[in-house]
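Student: I would like a close look at one part of this model, taken slowly and with the residues named. Please keep the answer connected, so that I can follow it along the chain.

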Amino acid sequence: MGSLFVQQIDINTTTDQELVQLAGLYAYLERRTGERIRLNTSTFRIVDTNYNHPTGLDALTLQNVNTGEFIMAFVGTNVHAEHGMQDLKTNVRLLNEPTPPQLRAANEYYLQMQAELAKSGHSISYVCGNSLGGALANSVAVKNPEVKSVTINPALLPSGLVVKDAEYPNITNYISQYDILNLSIRAGQLDHRVPGNQYDIYHGIPSLEALGPNHTGYVRQNGQHVPYYESGEPGTIDYVKIYMDAHEHIVTSIWTGEPLYGGRSIPIRIDREHLLKLGDGLETKVIERLKRTQTYINSSVAIVEAEGADIDKRLNTLRTVFQEMIRRETNQVLNEKNRRLKEMVAALHTFLNLLETRCRSLNYVLNSPPMELFEFLARKDISVESICQEIRNKLYELEDMVDRLTDGLHNITMDRLAEVLQGGQNKFYDYVVGELKSHLYIVQQNQERAITQMSEYQSQVVATGEKFHLLDLSLSQRKSISSALNLSDVLKTSAVQMEESPYLMMHMRIKKVAVDAATATFKQSTNPIISGITSSLDFILRSIEFLGNSARFSINTATNLALYGNVPGLAISLFSDYNTRVKNAVNNALYPLDDLLETIKGIRNGLSALRDNYLRLVDELRPYIDSAIFSKQRFQNVTLYNTAACSILKEMELLFNDIVYQLSHNQGKAIKALQLTGNSVRQNMSKLEEQLERGTLYG
């Protein structure tokens, strides 16, 4: 019933997961000789430390108390250490060909400890490190192929230390998907200078705040390990909590514990022991992880629902910003309900009434000179009544047009801005929120189906294992095999079909597409309103300016007085006094006219600025449209949760590839049934992963 090829399970070795923990976490937490580090079921004792070396080298040697193996862990860049500057210099020198002093010091320390341990018949089995520490570990392994190097996100080695295209089977590098160092190394096509096997793991999140944990593999706060990344205020919808320990993202065989990278594992014999081990692994390695995925998905749904509930708040914020931009652009001419503009128009009426009154006073002065001057003065009369009436008629037109502007701006602020949330689409009023919500509801239901199917599959595996036990007993007692191995009660599992989702087909680009479309649509629908009304207002204001300047000309002619013939000295004296009275009356008449024209100029400048700069103003509004469609931080948080959930599903798919592969090498009907169900589980997780990936940054 099983394969002839059996994978031997060696439980007496230090695992890659433990080495990654030592490299990315504990190496950075300075320890003293004799201290012990406990990792799950293993205990490590520090037997030697090498801190504050002149080259900047920091390293420690540990023994796995459970296996007896010795490990050397190299510390990565530590700018806070006494020789932190040496670390930085070494990082720079790694780009060059010569071997930096710190790398030579690492090899010297390795050889020194090897010689010391050899006295008692021991040797170093592993070296490990992260970042610069990874480069140090790999440099030792390149020169000493008898030692195994395991790193997490290592720095590259100098070109002169690595033989291009050479294989280094003793070196294993785990690369986190969002590690900025190795993303840069690969972008520069320098990954050949990270020797050995490079295995990509689904660790990390796409957040600038997580650059450190993405690189080291772990979150450290105040010198203490915190197993998760968090942001926001705990207890609020904006609080994010995502587990970040890198070793949890190294997928290993349920049966052997070996990492599932770099090719197929060796087939194992499927018997009761291995089936029960599979059942236990499904419970601890799969179902528990799927429940964490469920937590992440539920958190995404909660954020989207909260954003949907805040629709009025998002819209009101956008409206407030838009109104403030209008006020700023028009130099406060247009404010809420255009009260300022209406006050300015009312002031124009006041100035016009005062102008009429003072023109009458001017005419009175002109027509009442001293009797002695009547025969010498040309008859003079200033008449601006007709001009004032024309201006008044234009002011009535202005008032009507201001009302149209008020209605237009109200329509833009209340209706057109609300349409922004549609994102240029016709599917949902709150488009991005609606699309995400509809998609995640389906994902949420499919996730529940996946957990149910996984639980049933786990029960099926355990039941099949127990049937194997009954088979062994039957054979030993020479009972009927068919009665002992009646599989009808074992093979039944519910058929699970994942629901298809027609949503989020643009992935998380949906928001940018919506913002682009909303901004363009808003411009197209509102610019004609603004341009049309402000142009009409400008025409009316220019007409009033023209009439005002005509009135100014008429008033100024009052000072063009002339005497005819020769007049006695007394008349000259009387004329000078009269001329002064006329000039004063003229000036009094010009004051309200100047105020009227100055007010008109201010209104024109404000409205012209709005008309000429409106499209630029909408461009400045774009970031606020972006936030109104879906707040930036919450959208990012949804992306983070979806990424974390998707990463787990990718790892489970990798694990089930191995499970199905191992089951496929056994020909028994019961095992074939497990294989078929396992394949269905794998396909469903793949479907769920694809749906979740639509909600990630790089979906």
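In what sense do strand S2 (residues 42-50) and strand S3 (residues 59-64) pair, and over how many bridges? Please go on from there to the rest of the sheet.

Tutor: In this predicted model, strand S2 and strand S3 pair in the antiparallel sense, over 6 bridges, and within that pairing Phe 44 stands opposite Asn 64 of S3. The two strands belong to an open sheet of 8 strands, which follow one another in the order S1-S2-S3-S4-S5-S6-S7-S8 and whose pairing is mixed. Strand S1 (36-39) and strand S8 (197-201) stand at the edges, and because each has a single partner strand, one side of each is left without a neighbour in the sheet. From one strand to the next, the twist averages 25°.

Further along the order, the parallel sense appears: S6 and S7 pair in this way over 4 bridges, with Thr 172 in S7 as the bridge partner of Val 150. S7 and S8 also pair in the parallel sense, here over 5 bridges, and Ile 175 stands opposite Asp 200 in S8. Between these two strands the chain crosses from S7 through H5 to S8, a β-α-β crossover that is right-handed.

The helix of that crossover, H5 (residues 180-187), lies across strand S5 (124-131), strand S6 (148-154), strand S7 (171-176) and S8, and it runs at about 90° to S6. S7 itself is mostly covered, with 6 of its 6 residues buried. In a regular strand the side chains alternate between the two faces of the sheet. For S7 this can be followed residue by residue: Ile 171, Asn 173 and Ile 175 point one way, whereas Thr 172, Tyr 174 and Ser 176 point the other way, and all are buried. Thr 172, the bridge partner of Val 150, and Ile 175, which stands opposite Asp 200, therefore point opposite ways from S7.

Turning from the sheet to a pair of helices, H9 (residues 339-366) and H10 (residues 385-419) pack at an angle of about 175°, with their axes 10 Å apart. Since angles over 145 degrees count as roughly antiparallel, H9 is roughly antiparallel to H10. Among the residues that make the contact are Leu 341, Val 345, Leu 348 and Leu 352 of H9, and Ile 391, Leu 395, Leu 398 and Val 402 of H10. By class, the contact has 12 nonpolar, 3 polar and 6 charged residues, the charged ones including Lys 342 of H9 and Arg 392 of H10.

Notes
Residues are numbered from 1 along each chain as its sequence is written. This is a predicted model: local features need pLDDT of at least 70, side-chain atom pairs count only at pLDDT 80 or more; totals for chains, interfaces and linings use all residues. Side-chain values use heavy atoms; hydrogens and water are left out. Axes are lines fitted to C-alpha atoms, for helices over the stretch in contact, and angles run from 0 to 180 degrees between N-to-C directions. Angles under 35 degrees count as roughly parallel, over 145 as roughly antiparallel, 65 to 115 as roughly perpendicular and the rest as oblique. Contact means heavy atoms within 4.5 Å. Two strands pair if DSSP finds at least two bridges between them. Buried means under 20% relative accessible area, exposed over 50%, partly exposed in between (1.4 Å probe, protein chains only). A crossover is right-handed if, with the strands pointing away from the viewer, the path from the first strand over the helix to the second runs clockwise.
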